[in-house]
Amino acid sequence: MADSNPPTSRPAQGRRFRLRYLAGTLVLLASAIIAFISNNGAEAPSVQEYYSSLESRLGYWLLLGNTRHCGLYEKGQLSPFPVSKAQRAMEEKLYTRLDLKPGSKVMDAGAGSGYVAMYMARKGLNVQAIDITPHHITDARKNVKKNGLEDKISVDYADYHNLTAFPDASFDGIYTMETFVHADDPAKVLGNFYRLLKPGGVIVLHEADFSRNSEVLQDVLRLSHCQNTLKEGGYEELVAGAGFKDYSLDDLTDEVLPLWRLFGVVGYLPYQIFKLLGIQHKFTNVMAGVETWLNWGDGRYISVRAVKP
Ligand SMILES: C[S@@+](CC[C@H](N)C(=O)[O-])C[C@H]1O[C@@H](n2cnc3c(N)ncnc32)[C@H](O)[C@@H]1O
């Protein structure tokens, strides 16, 4: 029997081939971008692995200008912009909580690219910045030099689990801005801080506290090396256990929401696509931004302050 379909013309065949070629190229390109940006797929990455993935670097650079902490907003504010103004407000909050005289010596434990240290230095404090992520140390040194603050800030490699390079009672204050969450042994870290402080010295910790032990956030915490985050009430017990007194806690959860909402909204669509493809674990920051926002209330953002007697 004769074929009733008209034979496909050569130009139509050519168009179909070009479309298939284009689709194939796009899929390959998307796969290459995903493979390039995503993390290395480690089940429980180290701090350095977490901060070294291109997804982490790009995310912090694009959304936070290479600072790595939340902004502080008026309660009820919707807009997260300008982000940098809110971040300076958070740094001011930490500075106020330290309540130290100009010329005091502080340790910035987990300084990242050095923005918090530079804020403190401009307020008149002398800062010893430490970190364990090599490219953060390089960045911090560059920023300190560029801003002419080398006489106020030293930047060194040091792990807050092992601070033997620093003498007893040599600091007036020690602070963490979203770094204590990474501690493998929080009690040991607080013990080190206690030893380094002079009597009357203060600690201020600005940290996320996923105190309700949310199951849904456990993946996020493990993938961002925050698996030792404390259970509700944990901070007070731990800080008292290290010998500190005059514990005070400021709950800032409502005041950091605008930025987390931004992370949630920006990441929502990509996260749904990654989930469909089953690769959401390879995009820790997208996952963290969206899941934290969707499960707001399973954690808090707190400012803890205590004094060495
Ligand atoms: C979320 S970033 C915050 C950086 C900075 N405080 C800021 O607000 O921009 C956490 C930082 O803590 C550092 N960090 C994590 N564990 C550490 C440790 N054991 N000792 C020193 N620094 C640590 C990380 O390398 C990272 O730079």
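1. Let's start with α5, which is mostly covered: 7 of its 8 residues are buried. Those buried ones are Y115, V116, A117, M118, Y119, M120 and A121. Keep in mind as you read that this is a predicted model.

2. What sits over α5? The cover on its buried residues includes the helices α4 (83-98) and α6 (134-146), along with the strands β1 (105-109), β2, β3 (153-157) and β4 (171-177). Just after α5 comes G124, with a positive phi near 105°.

3. On to the core. The largest nonpolar one holds 72 residues, and V106, A117, M120, I174 and I203 have the most contacts inside it. Two of these names, A117 and M120, also appear among the buried residues of α5.

4. V106 deserves its own look. Setting aside neighbours within four places in sequence, V106 is in contact with L98, L100, M120, L125, V127, F171, D172, G173, I174 and Y175.

5. Now the ligand. It is surrounded by 23 residues, the closest being H69, G110, G112, T133 and T179. Elements giving two or more residues to that shell are α2 (47-52), α5 (115-122) and β2 (126-131). By class, the shell has 10 nonpolar, 9 polar and 4 charged residues.

6. Finally, the whole protein chain. Its tally is 11 helices and 7 strands, and 42% of its 309 residues are buried. The C-alpha trace spans about 100 × 40 × 35 Å along its principal axes. For contacts between residues at least 6 apart in sequence, 70% join residues at least 24 apart.

Definitions and conventions
Residues numbered from 1 in each chain as written. Predicted model: local features only at pLDDT ≥ 70, side-chain atom pairs only at ≥ 80, totals over all residues. Near = placed C-beta within 6 Å. Helix = DSSP H or I, 4+ residues; strand = E, 2+ residues; numbered from the N terminus. Nonpolar A, V, L, I, M, F, W, Y, C, P; charged D, E, K, R; others polar. Core = buried A, V, L, I, M, F, W, Y, C linked by C-beta atoms within 7 Å. Buried ≥ 20, exposed ≤ 12 C-beta atoms within 10 Å, placed from the backbone. Contact = placed C-beta atoms within 7 Å.
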